[in-house]
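Trainee: I would like a close look at a single part of this model. Please take me through the surroundings of one side chain, then go on to whatever else helps to place it.

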Protein chains: 2
Amino acid sequence: MARVGLTTDRLVRAGAELADEVGFEHVTVSELARRFDVKVASLYSHVKNSQDLKTRIALFALEELADLSADAVAGRAGKDALTAYADVYRDYALTHPGRAAATRLRLDPETAAASAGVRHSQMMRAILRGYDLPESDRTHAVRLLGSTFHGYASLEGAGGFSHSSPDSEESWRRILDALDTLLRNWPTR
Amino acid sequence: MARVGLTTDRLVRAGAELADEVGFEHVTVSELARRFDVKVASLYSHVKNSQDLKTRIALFALEELADLSADAVAGRAGKDALTAYADVYRDYALTHPGRAAATRLRLDPETAAASAGVRHSQMMRAILRGYDLPESDRTHAVRLLGSTFHGYASLEGAGGFSHSSPDSEESWRRILDALDTLLRNWPTR
DNA sequence: TAGTTTGCCTAAAAGCTTTAGGCAAACGCA
DNA sequence: TGCGTTTGCCTAAAGCTTTTAGGCAAACTA
């Protein structure tokens, strides 16, 4: 009965890798147990249940992505900051599709409020400081950016843009140009 | 052994309703059988398997939404057409969250190509005729609109904008204004 | 009305989730 | 070092979902 050394943290990290391999929706307690060569019931000491595991993977991914973004955005402003943030987002979604899908998991309000999701909004708000938006419009702009990045990564990940020209990379660049233009010509009421 | 009169079509419609009630990811062949007061195995004459059921629900929702959109867009142009299309999209997502989630299901390329998804792209292309975009940029713009609508509906459905001001309705209107502005000032290379 | 089709059934196997209770490894302290 | 406690992983078991195979009777079809 050698002990493998399970911890919640190790399970969550392995769960994130599993998600990238098989898709977040196919992450299963059983499969995770198999990977640790351990009986399923053993995981239940470290994780409340399947939902809990998925939530933890989502929180982990949000955090990891926030760290990467913060790094990329540091020292940049304006369009430079916008594209740095956006590119990190998209790259993350491409290299870690399962984790990216996890960041789209519906979290209950308290969990969401305590998540790295708020760091993401704060970063977007900070990026908007490089543009001349009235304070009252910042939230709208944050929501627009969030929706677009989210949506693009999601559609691209679902294969929506593959095998059709022009290629996705080009659309992405043009969309970032467009969003930059938009923020510099933001329509006020 | 009274016959209930199952058909693939009835199953798909009931599946769509079920999705709206419990969430698309919780749609299950078992639950559907329960609702028809029929044994689970009976459904397998009408539907290949669970994945097949979900795919059919997705195709149904895409079709239904395309019909609604076509109706809304008919006879409109420019911003009028843009907002009509977008509003139908968002309303659908709010009133039919499960079906809307279904439209985000990853379809394999052939299935996607034969789906009403292509009607959606065509409608967006048609809407863009009201704006003065170079032909070569239309695809980029379609992808931007698709991403933004998709992303907004997804985040709003996940509760991302609820319980925080300004309310979602206002952001949505402002985002449509912004997209309209953007399309009228589309940055070319 | 007889024959055929087919819709729904029973049976059963296999996989995932979750809880309860047990044994032994690892830790903490004298 | 040895003893007691903690705790990590195990076995067992129940309940649910998926999926396949084979059967009977209801509903078309001639």
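**Arg99(A) and beyond**

Mentor: Start with the contacts. Leaving out residues up to four places away in sequence, Arg99(A) touches Ala16(A), Glu17(A), Ala19(A), Asp20(A), Phe60(A), Ala61(A), Glu64(A) and Tyr92(A). This is a predicted model. Arg99(A) sits in helix H6 of chain A, which covers residues 97–103. Is Arg99(A) buried or exposed? Its relative accessible area is 8%. The cut-off for buried is under 20%, so Arg99(A) counts as buried.

Now turn to chain B. Helix H2(B) spans residues 29–36. Four of its residues are buried: Val29(B), Leu32(B), Ala33(B) and Phe36(B). Why do they fall on the same side of H2(B)? Because they cover an arc of only 100 degrees around the axis. What do they pack against? Their partners are in chain B: helix H1 (8–22), helix H3 (40–43) and helix H4 (50–73). Just after H2(B) comes Asp37(B), with a positive phi of about 55 degrees.

Next, the relation between the chains. Chain B superposes on chain A by a rotation of 180 degrees, with 0.0 Å of shift along the axis and an RMSD of 0.0 Å. The two copies are therefore related as by a two-fold rotation axis. Both copies use the same surface: 100% of the contact residues of chain B recur in chain A.

Finally, the DNA. There are 21 residues around DNA strand C. Arg34(A), Tyr44(A), Ser50(A), Gly5(B) and Ser42(B) come nearest. Of the strand C atoms that come within 4 Å of the protein, sugar and phosphate make up 63%.

Look at individual atom pairs. In Arg34(A), a polar side-chain atom lies 2.7 Å from a phosphate oxygen of strand C. Gly5(B) uses its backbone instead: an N or O atom there is 2.6 Å from a phosphate oxygen. For Arg3(B), a side-chain N or O atom is 2.9 Å from a sugar or linking oxygen of the strand.

Which elements give two or more residues to the surface near DNA strand C? They are helix H2 (29–35) and helix H3 (40–43) of chain A, together with H3 of chain B. H2(A) gives the most, with three residues. By type, the residues of this surface divide into nine nonpolar, eight polar and four charged.

Methods. Residues are numbered from 1 along each chain as its sequence is written. Chains are lettered from A and ligands numbered from 1 in the order in which they are written. This is a predicted model: local features need pLDDT of at least 70, side-chain atom pairs count only at pLDDT 80 or more; totals for chains, interfaces and linings use all residues. Side-chain values use heavy atoms; hydrogens and water are left out. Buried means under 20% relative accessible area, exposed over 50%, partly exposed in between (1.4 Å probe, protein chains only). The arc is that of the directions from the helix axis to the C-beta atoms. Contact means heavy atoms within 4.5 Å. Copies are superposed by least squares on the C-alpha atoms of residues with pLDDT of at least 70 in both. A residue is near a molecule or strand if one of its heavy atoms lies within 4 Å of it. A polar contact is a pair of N or O atoms within 3.5 Å; within protein, one must be able to donate a hydrogen and the other to accept it, and residues adjacent in sequence count only if both atoms are side-chain atoms. Ala, Val, Leu, Ile, Met, Phe, Trp, Tyr, Cys and Pro count as nonpolar, Asp, Glu, Lys and Arg as charged, and the others, Gly among them, as polar.
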